[in-house]
Amino acid sequence: MERNDAVMPWVAIVSAAIMWIILLFLFNKETAPEPVVVDPAVVANISKEYPTVGKTVYEGACAGCHGAEGQGGVGPALAGSEKIVQDPVYVHTIIVKGKGAMPAQTQLAENEVYAVANYVLNSFGNKIEEPLTPATVAAGQSKIDPEVLKNRSRFVPDHIKLPEIFLGTFVMVLLTYGLIGLYSVWAEGQELHPGIHKVRSTPLATLAMITSIAMTVLFSVLFVRQMITDFAGWAAAEPVMPNVTAEGFYAAMILLSLAASLALYKKYFMDGEVLVEDASGEFPW
């Protein structure tokens, strides 16, 4: 009996690839930084305002947590902080968006945000060469916000929306459908012959099986090592972003290696039995 061909599984896989591209486009729109409007009046006043306006804002909104001299308290110390001097845009981001126990300072006007940011960056033993301006923030936002990357590194992002959920689910369904169809044709052939089929492995099949198992073990060890490294970095005094790309790559390779081992076992090591092919079934394979 001749099997149904593998056209529909290929159609499913191509459709899944197209939907995956659309899904990546949606994610990319969310990770793209919002454009910063540079107000010339704000730029002109920044250097003039921050010693006075910045100090007033700091004493009223910041000193209670960070200390009158930036020594820290409820909030982290700001005095002599190399971190904020090396990345002034970080100060602006925290003031505008907040972080952890610190809320976003939405009550501040734009000029007050830059004034207090520059006050912190030029006080308590801190000093930057040029004042922080909207242009500096715009340049810094050419990179994806670390908080966005942190959210994307989760197995399920916090802010995933319904279109993304729908597309992601449909991609997985189509991929599963297509891969099972292609695997079925590869493992069992274009024709089905009722009865018990004895298989005999070849030296090449045995080598491929050993290789796939060894790759599974190797990538499992690499995955565990990467997770340990990332957890240690996340818990450090100066947290380091986890290497999500490496984690995902190792995890994917573990699954692919296991899948290869199971496929080789089915094709070359496991006896099979064909009873009948239901030509009226729902699936084309």
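In what order do the elements of the chain run from the N terminus on? In this predicted model, the succession reads α-α-α-α-α-α-α-α-β-α-α-β, and the secondary structure amounts to ten helices and two strands. The chain has 285 residues, of which 31% count as buried, and it exposes about 18000 Å², with carbon and sulfur atoms supplying 67% of that area. When contacts in the chain between residues at least 6 apart in sequence are considered, 76% of them join residues at least 24 apart.

Helix α4, which spans residues 88-97, illustrates how one of these elements is placed with respect to solvent and to another helix. The buried residues of α4 are Pro88, Val89, Val91, His92, Ile94 and Ile95, and the helix is followed by Gly98, a residue whose phi is positive, near 75 degrees. Helix α4 packs with helix α5, which comprises residues 110-121, at an angle of about 135 degrees and with the two axes 10 Å apart. Because angles over 145 degrees are needed for a roughly antiparallel assignment, α4 and α5 are described as oblique to each other, and α4 passes α5 in a right-handed crossing. On the side of α4 the contact is made by Pro88, Val91, His92, Ile95 and Val96, while α5 contributes Val113, Tyr114, Val116, Ala117 and Leu121. Sorted by class, the contact of α4 with α5 has nine nonpolar residues, one polar residue and no charged residues. Pro88, Val91, His92 and Ile95 of α4 thus appear among the contact residues and are also listed among the buried residues of that helix.

A second pair is formed by helix α9, which covers residues 203-234, and helix α10, which covers residues 244-268. The axes of α9 and α10 come within 8 Å and cross at roughly 160 degrees; since an angle over 145 degrees counts as roughly antiparallel, this description applies to α9 and α10. The crossing of these two helices is left-handed, and the residues of their contact divide into 20 nonpolar, six polar and two charged.

Within α9 lies Met227, whose relative accessibility is 22%. As only values under 20% count as buried, Met227 is classified as partly exposed. The C-alpha atom of Met227 is separated by 8.7 Å from that of Asn243, although the two residues stand 16 residues apart along the chain.

Technical notes. Residues are numbered from 1 along each chain as its sequence is written. This is a predicted model: local features need pLDDT of at least 70, side-chain atom pairs count only at pLDDT 80 or more; totals for chains, interfaces and linings use all residues. Side-chain values use heavy atoms; hydrogens and water are left out. Buried means under 20% relative accessible area, exposed over 50%, partly exposed in between (1.4 Å probe, protein chains only). Helices (H or I, at least four residues) and strands (E, at least two) are DSSP runs, numbered from the N terminus. Contact means heavy atoms within 4.5 Å. Accessible areas come from the Shrake-Rupley method with a 1.4 Å probe; for residues, only the protein chains shown count as cover. Axes are lines fitted to C-alpha atoms, for helices over the stretch in contact, and angles run from 0 to 180 degrees between N-to-C directions. Angles under 35 degrees count as roughly parallel, over 145 as roughly antiparallel, 65 to 115 as roughly perpendicular and the rest as oblique. A crossing is left-handed if the near helix is turned anticlockwise from the far one by less than a right angle, and right-handed if clockwise. Ala, Val, Leu, Ile, Met, Phe, Trp, Tyr, Cys and Pro count as nonpolar, Asp, Glu, Lys and Arg as charged, and the others, Gly among them, as polar.
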